[in-house]
Each structure stands twice: as structure tokens, then as C-alpha cells.
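Please find below a colleague's note on the structure, set out as numbered points. It begins with the ligand and then turns to the fold and to individual residues.

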Amino acid sequence: MSLVRYQNFIHGTYLANTTNEVFDVRNPATDEVIYQVEVADERIQQAAIESAKKGVAQWSAMTGVERSRVLLKAVALLRERNDELARIEVLDTGKPWQEASVVDVVTGADSIEFFAGLAATIEGNQQDLGGDFYYTRREPLGICAGIGAWNYPLQIACWKSAPALACGNVMIFKPSEETPLGALKLAEIFIEAGVPAGVFNVVQGAAEVGQWLTQHPDIEKVSFTGEVGTGKKVMAAAAASNLKDVTMELGGKSPLIIFDDSDVEEAVSGAMLANFYTQGEVCTNGTRVFVQRGIYASFMDQLKARTEANIVLGDPMDPETNMGALISKKHQELVLGYIQSGKQQGATLVTGGDAVSPTSAPNGYFVAPTIFTDCNDEMTIVKEEIFGPVMSVLVFDDEEEVIRRANDTHLGLAAGVFTQDIRRAHRVIHQINAGICWINAYGASPAEMPVGGYKQSGIGRENGIETLKHYTQIKAVYVGMNKLESPF
Ligand code: NAD
């Protein structure tokens, strides 16, 4: 049986490449190739830029209310097709249906709805200067590029396009080559909603296509989600080409701090969410779990028992499955390598530690939920982002110590604190160098809340009103009302 083959989505329609080059996409839960995608060759790249130029002329001339109206239609379509889109995300990523059906499409649609609501509020200001005056216009940047990671493919495409489009920009989006389908479906939905052709084009491929976007002189901004190392290359290329603006959503190694006055059951729930949700492939994961000595024994007892009893690995489409397969064989090997290093460097394996072959999905790239204790701050598993279901538990004694250790990293994406002491909760969070923080919660990321990293975890923000600034530029206009004085 021949495989379905997807083309690039340019100017409102699918466009064939000329080189015939394709890449395979595998279902991580079965190891089967499920479809092929055409690589964006020169023909596609040129067409994408030409189309975006036409798109930006039309879209940026529309009013905020007009843009809002069509974006809200796209929101309705996303919600109508929730299950169809969630299924695509499950097959592409290996994550459980349990999650994708209630989170991935929902949070994507929420973000577009939020920014559609703001589209008509984008405004400048004016100030009197004693007769003369100036005013400002908040103008779109023009053609923006979006480059996505594979863990939340549709959500990332929505989170990037929503503010870009609301502000009157257009976007050429490149999804991860591991998960290319969700963005194509979003492009179809935008067209059906009435978004003009050329406003959201999708180009497909791996690093080379990403590099082309970051180097292109007609692209004014690149919004990137991915690894720190790739982010540095993207930023260098953005600077070297035409000094593009950048938004960087990069990796993390976030601390989750559990004080001994915490509700143990809730703290365990928080730690499990912060490490095992989406099989650990979440950038904000709280993988360094600092537990105060007084609560350590009871915390560990419950954590081990619940991890062993309540996590169900298997066919991700089975509604009972709550942990899916990792994105690829290569990533599974990488995660298993980190587990090996934890053992070699003297951490104690409490549970998990191996690849798993569930009967319902024997060929998938599964890794058992893994917990290490007796960790120290120098171990590789404590220092590096693993992006898999591997939790490192570290014991601490006092507040000053845990703040110092929590901040001892070059990353600063997220952090969490569990405690019943309201003053301590805020005092500690205010001293942690991280952009996304939770108190007695973990992982929730509503469209209203800005997200982004401190230190090497990122630049700029996604979601929240804040993000409008990252997709507009200020034009200041001075108006002379008096006779112009000149020394010449
Ligand atoms: P990656 O850096 O390998 O790839 C990300 C994207 O960049 C892909 O589309 C890839 O094709 C493209 N790319 C690769 N090389 C490029 C280059 N030289 N120029 C331009 N584009 C290039 O990351 P990944 O493995 O897809 O995703 C996992 C990483 O993403 C983790 O580090 C995770 O923490 C991070 N992440 C961060 C956030 C956040 O919001 N902060 C969200 C999700 C994932």
C-alpha cells in the first residue's frame, strides 16, 4: 500500500516540490512509517516568500476587528475538529489520547481566541509637547518565521501564529520534521476561516529548511522553540542575515521545591505531573525535585507507590493509557543513556530505569517512569535536560540552601514550590531565577499567562498581553505645529 504524501502548504493550497525529496514520519508507539512529507525545496521556498509578501500587504491593511473576526472562526473550527486533530497529535508524538484530547488542541485554540480578542486593542499613544506633539503607531513587523519543536506540535503552531497574526504580521511556519502534520491542518483551518492566502504558510523539512528561514533577508523575525544549542545557531543566523528580531523558547532543568509543611499527597501529584506528563517531554518539567528532610520519607513512600501503581503505559490511543511513547528510537536511546549515567554516578534507582514493551504497543519507544534518589548537584542527570520520564530527588535542609541550589544552573525556564506557608511560598519564588513559576501547582499554562525563560532558557514571551510587544514595533511620529526654526 502506498503511503499518503503531504506537500507544503503555500498561499492557501498544497504545492508540490520539484526535487521530489520526501521524508518519512513514524508513529512512535508502533515504529511504523505512517506518511511521507515533501521537503520544501527552492521552488517552495521562493513561493512561500512571494506568497507571504502578498499576504502581509492584505492582512496588515485590515483592521484589528476584521482580523479578530476571522481568527475567531478558526478557533471555532479548531474546537469542532478537536478529536480529529488530537488523534493526529497522538499518532505523530506518541503522547496519550487522554492528554491530547483535552489539552493540545484546546490550549492552541485558547491562545488564538485570546489574541483575537486583543487584535482590536492594539493602539499607540499621543503626547502634547507644548503645541507640537508626537504620536506612536504600533505596527506589525512583517513576515515572521515560526520554527517548532515536536512535543506540542499543534499547540506550538497556534501559540506562535496567534500573536503574530493578531498584530497584522504573516507567518511562515516550519514544524519539527518529527511531527509535521498538525501545522498543515492549522493552515487548512485558517484558510477555511477566511484568513487570506499567504498569511500562514507551512514549509516542511529539517535543519536546512530552518536555516533558510533564519537567514532570509525578507523575514523580520524568527520565533523558535527547541533546544538551547539550536537556539544559539538560530540567533546567530538571525543576527548575521538582517538582524532579525527573535523569540526563543528553549530548554529547562527546572527546580520543584517541596517544603516539609506541604500536603504530601498534593506534593507527590505535583512531582509526578512535573516529570511524567507527556512522558516527560515538557520543556518546563520540574526534574530537580528538592525535598526537605522532614517530609522526605513519607514523600518517597507515596511517590514510589503511586508511580508503580498508577502509571499505565501502552497504546496511546487507549483511553486508559496515561503515559505514551517517546518521540523516536534515537530519543529513547538518549534517555536510557542518561539513566545509565545516573546509575554510574551513584544515584539510587527507586523505580523504572528501563525501556518497556507494553503488550498493546510492543514496538513503541517507551521508557518506564524512572525515579532516582541520593542525587547530588554535580550528577549529569541533575545538570542536563533529559526530556524524558526521569526524576531526580534531592534532599535539602533550609530555605537559603535550596534557593542557592535551585538557581545553580545556566537555565531558568520554570520553577515550582509546594508549601502551606503563604509568605514562604512567595518569598522563595521571588528569589528563583525562572520565568514561569507555580505555587502549589505545576504545569498549568493558560493563554492569559506569559511564558518564557530566564538565562539561557529563552528570550521574549509567548501568550499573555506581554507578547503583543514581541510582534509589533513602535513608530514615533513628531508633528510640528509651529513655524520651523532653523540655524541655517
Ligand atoms: P531542536 O532544537 O532539535 O529542533 C527544534 C526545531 O529547530 C525543529 O523544527 C528543527 O528542525 C529546527 N532546527 C534544527 N536545527 C536548526 C537550525 N540550525 N536552524 C534552524 N532551525 C533548526 O529541538 P527539539 O528536539 O525539536 O525539541 C526539544 C527541545 O525543545 C527541548 O530542549 C525542549 O526543552 C525545547 N522546548 C522548549 C519549549 C519552550 O516553550 N521553552 C517548548 C517545547 C520544547
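1. Which element supplies the largest share of the shell around the ligand? In this predicted model, that share comes from α8, with three residues. The helix α8 spans residues 207–215, and it is joined by β11 (221–225) and α9 (228–242) in supplying at least two residues each to the shell.

2. The shell should also be read by domain and by residue class. At least three of its residues come from domain 1 (5–250), and at least three from domain 2 (255–439). By class, 12 residues of the shell are nonpolar, nine are polar and five are charged.

3. Which residues come nearest to the ligand? Of the 26 residues around the ligand, these are G148, E177, T230, L250 and E385. For two of these residues a specific atom pair can be given. E177 places a polar side-chain atom 2.7 Å from an oxygen atom of the ligand. L250 uses its backbone instead: a polar backbone atom of L250 is 2.8 Å from a nitrogen atom of the ligand. A further pair involves G226, where a backbone N or O atom lies 3.4 Å from a ligand oxygen atom. As for the ligand's surface, it exposes 860 Å² when taken alone, and the protein buries 89% of that area.

4. The overall fold comprises 15 helices and 25 strands. The radius of gyration is 24 Å, close to the 23 Å given by the globule rule for 488 residues, so the protein is as compact as a globular protein of that length. Along the principal axes, the C-alpha atoms fill a box of roughly 80 × 65 × 40 Å. Of the 488 residues, 57% are buried.

5. The loop between β18 (370–373) and α13 (380–383) holds E378, and D374 lies in that loop as well. Is E378 buried or exposed? Its relative accessibility is 56%, and because the cut-off for exposed is over 50%, E378 counts as exposed. Its C-alpha atom is 9.3 Å from that of Q345, a residue 33 positions away along the chain.

6. D374 deserves a comment on its backbone: it has a positive phi of about 55° although it is not a glycine. H11 is also not a glycine and has a positive phi, of about 50°. Most residues other than glycine have a negative phi. H11 sits in the loop between β2 (8–10) and β3 (13–15) and is partly exposed, with a relative accessible area of 32%.

7. Where is E462 placed? E462 is found in the loop between β24 (458–459) and β25 (472–479). Its relative accessible area is 4%, and because buried means under 20%, this glutamate counts as buried. The side chain of E462 makes a polar contact with the side chain of S223, at 3.5 Å. S223 falls within the range of β11 (221–225), one of the elements that supply at least two residues of the ligand shell.

8. Two partly exposed residues may be taken together. G443 lies in the loop between β22 (436–439) and β23 (454–455), with a relative accessible area of 39%. The C-alpha atoms of G443 and A415 are 9.5 Å apart, with their positions 28 residues apart along the chain. A355 lies in strand β16, residues 355–356, and has a relative accessible area of 45%. Its C-alpha atom is 9.5 Å from that of V335, and the two are 20 residues apart along the chain.

9. The last residue is V417, in strand β21 (residues 414–418). V417 is buried, with a relative accessible area of 0%. How far apart are V417 and G194 in space? Their C-alpha atoms are 44 Å apart, and the two residues are 223 residues apart in sequence.

Terms used:
Residues numbered from 1 in each chain as written. Predicted model: local features only at pLDDT ≥ 70, side-chain atom pairs only at ≥ 80, totals over all residues. Heavy atoms only, no water. Near = heavy atom within 4 Å. Polar contact = N/O pair within 3.5 Å; in protein donor to acceptor, adjacent residues only side chain to side chain. Areas by Shrake-Rupley, 256 points an atom, 1.4 Å probe, with all protein chains shown as cover. Helix = DSSP H or I, 4+ residues; strand = E, 2+ residues; numbered from the N terminus. Nonpolar A, V, L, I, M, F, W, Y, C, P; charged D, E, K, R; others polar. Domains from an automatic or database assignment. Buried < 20%, exposed > 50% of the residue type's maximum accessible area, 1.4 Å probe, protein only. Rg over C-alpha atoms; globule rule 2.2 N^0.38 Å.
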